[in-house]
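Work through the exercises below with the sequence and the model open. Each task is followed by a solution in steps.

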Amino acid sequence: MNLYVGNLVRQLTEQELREAFTAFGQVTSAKIIFDKFTGESRGFGFVDMPNQAEAQAAITGMNGKDVKGRNLTVNDARPRTEGGRGGGGRDRNRGGGG
């Protein structure tokens, strides 16, 4: 089960993220998302736990928990929607008619 972990302190390492979640069970991966231009943490990441019961326990135990001065947001990661970011949503008539 893939978990979204938000509101991470920028200095948190992937190893520290992994260790925080291993208290609830096996962690297959822990990944912090970094800005591709600055190289800084974007303040969120993902933890993958193969056992659903352990993952649910981690959501319950870690959501709202203070880690290095920040209260984490932890929930079931939602897959990205088809088409990426979306791009505004308004239909603009770029043609000349009107």
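**Exercise 1.** Leaving aside neighbours within four places in sequence, which residues is Val27 in contact with? State also where Val27 sits and whether Val27 is buried or exposed.

Solution. The model is a predicted one.

Step 1. Locate the residue: Val27 lies in the loop that runs between helix 1 and strand 2.

Step 2. List the contacts. Outside the four-place window, Val27 contacts Arg18, Phe21, Thr22, Val47, Asp48 and Met49.

Step 3. Check one partner by distance. Met49 is 22 residues from Val27 in sequence, yet the C-alpha atoms are 4.7 Å apart.

Step 4. Classify the residue. Buried means under 20% relative accessible area; Val27 has 9% relative accessibility, so Val27 counts as buried.

**Exercise 2.** Which residues have the most contacts inside the largest nonpolar core, and which element gives the largest share of this core?

Solution.

Step 1. The core holds 20 residues, and those with the most contacts inside it are Leu3, Val5, Leu17, Phe21, Val47, Met49 and Val74.

Step 2. Two or more residues each come from strand 1 (2-6), helix 1 (14-22), strand 2 (29-34) and helix 2 (52-62). Helix 2 supplies the largest share, four residues.

Step 3. Take Leu17 as a case. Not counting residues up to four places away in sequence, Leu17 touches Val5, Leu8, Leu12, Ala30, Lys31, Ile32, Phe46 and Val47.

**Exercise 3.** What pattern does the protein follow along the sequence, and what percentage of its residues is buried?

Solution.

Step 1. The protein has two helices and six strands, in the order β-α-β-β-α-β-β-β.

Step 2. Of the 98 residues, 28% are buried.

Technical notes
Residues are numbered from 1 along each chain as its sequence is written. This is a predicted model: local features need pLDDT of at least 70, side-chain atom pairs count only at pLDDT 80 or more; totals for chains, interfaces and linings use all residues. Side-chain values use heavy atoms; hydrogens and water are left out. A nonpolar core is a set of buried Ala, Val, Leu, Ile, Met, Phe, Trp, Tyr and Cys residues joined through side-chain atoms within 4.5 Å. Buried means under 20% relative accessible area, exposed over 50%, partly exposed in between (1.4 Å probe, protein chains only). Contact means heavy atoms within 4.5 Å.
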